[in-house]
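Please look over the sequence and the structure below before reading on. The paragraphs that follow begin with a single helix and then widen the view.

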Amino acid sequence: MLKLIKELSAIPGISGRENQVRDFIIEQIKDYAEYKVDPLGNLIVFRKGRKPANHKVMIDAHMDEVGFIITDITSEGFLHFAKVGGINTAVLAGRRVKVGSKGINGVFGIKPIHLVDKEDETNLPAADELYIDIGASNKEEAFKYVQPGDSAWFSSETVEFGNGFIKSKALDDRAGCAILIKMIQNEPEYDMWFSFSVQEEIGLRGAAASAFTIAPEYAIAVETTTAADIPGVKDDKRVCILGSGGTVSFMDRSTLYGKELFDRALELAKGKNIPCQVKMLVAGGNNAGAIHKSRGGVKTLSVSIPCRYLHSPACVIKYEDAESSLALVSALAEDFAK
Amino acid sequence: MSDYQNVSSLLKVLCSANGTSGDETDAANAAAEMLKKYMNVEISPLGSVIGTLDGSGVHILLDAHIDQIGLTVTSIDETGFLKVAKCGGADVRVLAASDVTVHGKEDIFGVVISTPPHLASKEDEGKVKGFDEIAIDIGLSKEEAEKIVSPGDRITFNGSFDELLGGRFASPCIDDRAGAAAILRALELLDGKKGNAKITVMFSTQEETGGSGAMTGAFSVQADEAIAVDVSFASAPNVSSEKYASLGKGTMIGYAPSLDFEMSKKLKLLAEENEIPFQTEVMGGRTGTNCDEIQNSGRGCRTALLSIPIRNMHTAVEVCDEADIENTARLIAAYIAERGGMNA
């Protein structure tokens, strides 16, 4: 699964431009399952198990990543952009991007620190002062390579480092996609539905449609969630810890997870000796927020891989958490379906 | 006469080497290797690369600094994260969630921590943490980290040598590998035709931390005249094109009270005669470059400054235009030929 996570994270696919990610996933699952692409671009997969399911279960992961959309080109050839998804301005200046269908190189420029007033040395430029420099000398040169409406995404090498850590862009939620692919490739006990969803990062657009189409009784959103186990953060704000297993939420900003399902997840993990932790802060949200409100309501859980520096070019996960999340989601899916 | 491919390939090799102030060996070796093609090379007590081509006439020193800014490890915390201080004028605004290399017993990968959005308070909006609050995540426990990393180890900012449009390039150490590339290119353009001038090339250490390399190197060299080649500010959004130079519009000839006015004027004249694109950079006192140290070394040395305009100075995405490096090299070559009596 490590190879899958690395390959998936390297593919560009901001919200609304997930086609390359989808094509890659189809290649991985087409020999194992039936699939279709719905009107919004969600990849809906039915994997036949060894037995028919007594309860219909859907497993969701989103294909899109945060990034940028080019809004305008200045007469000097610089690109203005809008953020796609929740990106902190602090992680932009000095970073690199790929731009447009040709994937040309660009950088986020900034006024040199030498020219900044002393009191502004730890102040960021306003978001609307940021721009992408592709080296073009004027608008005409830039237009040969980029049009307003084109996407841009973080240029970030995927690196394994330290004691089992992975750094890349887009681990949110390609790591989740990798888990779903593995579940499809491993024959499940029961028939199982999967949604590789589009447009999570701009407000859970895709999963609302795929949940409607699949109409499950139970669902699990497989995600990454913010981990703040870093220096300077007090214990009660760390949310979750890398290396402590998949993270199960009782509540976040999009969903109140059913207490019965939440308890069942923790019991199951304990019974099967699967590392698992509880998300220790009510923060964030994910596709569960759209799925649990689908049709007449869906019993929904989310299992997340803890991820440092979420929504940055350098997301960091620990590989063993992806493996324990795969084990937990597989066990839960079987438990719900039986 | 122009061979742009050559300038960018020179620059690429120089930018691939690592050399934070005080720990320049790798970059100095790379530059020395390239300089050996033209002259004998020595390493000064403070690590600067110094090469000389003999001549009976005027002794001209060409200087570019070989160090780059970075960070230095100050301690390893209980959870294995590295605490750091800056080494040279690093910019903390551009570090969150960036890739770095820690040059410990072996080179290891790290990420500068960034504050997750759920912890960002309203009053902290638009603020970044200072150097005393940031840390490097290397994915190791304290015990594991201590086997590889020690306080004092240097940290460089990762970033490949990326080509942009129009012969422009991005790298974390254009400052001042572009200057070194310009000098090496000038030697190539001269092709030995320097007349009777004596040429010393110095790739000096520790410019970013005060210029100790150039100060001591210039003392040993005792040249008659010096040209320091460094980088300076190019205009960009929020960096006024009225106040600053333009990328790609030519080498910047420096004027300052501390610079030798005759040398500045001679450089301008030669640029005009040889149709070399140039821009003017005027400073009110000293220059903030190695010129300040070279001028005051030993008995004193007449000094000029040529600057290559770059954007985003002291970030991992310093951007330069190869044409500016080529034009800087052409002007240096023209100056040496003139002073060596080749045009007489």
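**From one helix to the whole chain**

In helix α2 of chain A, which spans residues 19-29, the buried residues are V21(A), R22(A), I25(A) and I29(A). These four cover an arc of only 95° around the axis, which puts them on the same side of α2(A). The pattern can be read against the general geometry of helices: an α-helix has 3.6 residues a turn, so residues three or four places apart point the same way. The face of α2(A) turned away from this buried side carries the exposed residues Q20(A), D23(A) and E27(A). As this is a predicted model, such assignments describe the model's own coordinates.

What, then, covers the buried residues of α2(A)? The covering elements include two helices, α1 (2-10) and α4 (171-185) of chain A, together with the strands β1 (34-37), β2 (43-47) and β12 (192-197) of chain A.

Helix α4 of chain A also holds D173(A), and the peptide bond that leads from D172(A) to D173(A) is cis, with omega near 10°. In chain B, the peptide bond from D175(B) to D176(B) is likewise cis, with omega near 10°, and D176(B) is found in helix α4 of chain B, residues 174-190. As background for these bonds and for the phi values that come next, most residues other than glycine have a negative phi, and most peptide bonds are trans.

Two loop residues of chain A have positive phi values. N273(A), in the loop between α6 (259-271) and β15 (276-278) of chain A, has a phi near 55°, a positive value in a residue other than glycine. Y309(A), placed in the loop between β16 (299-307) and β17 (315-318) of chain A, also has a phi near 55°. Which of these residues is buried and which is exposed? N273(A) is exposed, because 9 other C-beta atoms lie within 10 Å and a residue with 12 or fewer counts as exposed. Y309(A) counts as buried, because it has 27 C-beta neighbours inside 10 Å and the cut-off for burial is 20 or more.

Taken as a whole, chain A has eight helices and 17 strands. The radius of gyration of chain A is 21 Å, close to the 20 Å that the globule rule gives for 338 residues, so the chain is as compact as a globular protein of that length. The C-alpha atoms of chain A fill a box of roughly 65 × 45 × 35 Å along the principal axes, and 57% of the 338 residues count as buried. Among contacts between residues at least 6 apart in the sequence of chain A, 77% join residues at least 24 apart.

Chain A is divided into domain 1 (2-65 + 169-337) and domain 2 (67-154), whose C-alpha centres lie 31 Å apart. Where the domains of chain A meet, 11 residues of domain 1 are in contact with 12 residues of domain 2, and the domain 1 side divides into four nonpolar, three polar and four charged residues.

Between the chains, 55 residues of chain A are in contact with 55 residues of chain B. The elements that give two or more residues to the chain A side are β7 (104-108), β10 (159-161) and β11 (165-168) of chain A, and the largest share, three residues, comes from β7(A). The residues on this side of chain A divide into 30 nonpolar, 16 polar and nine charged.

Note on methods. Residues numbered from 1 in each chain as written. Chains lettered and ligands numbered in written order. Predicted model: local features only at pLDDT ≥ 70, side-chain atom pairs only at ≥ 80, totals over all residues. Rg over C-alpha atoms; globule rule 2.2 N^0.38 Å. Contact = placed C-beta atoms within 7 Å. Nonpolar A, V, L, I, M, F, W, Y, C, P; charged D, E, K, R; others polar. Arc of directions from axis to C-beta. Domains from an automatic or database assignment.
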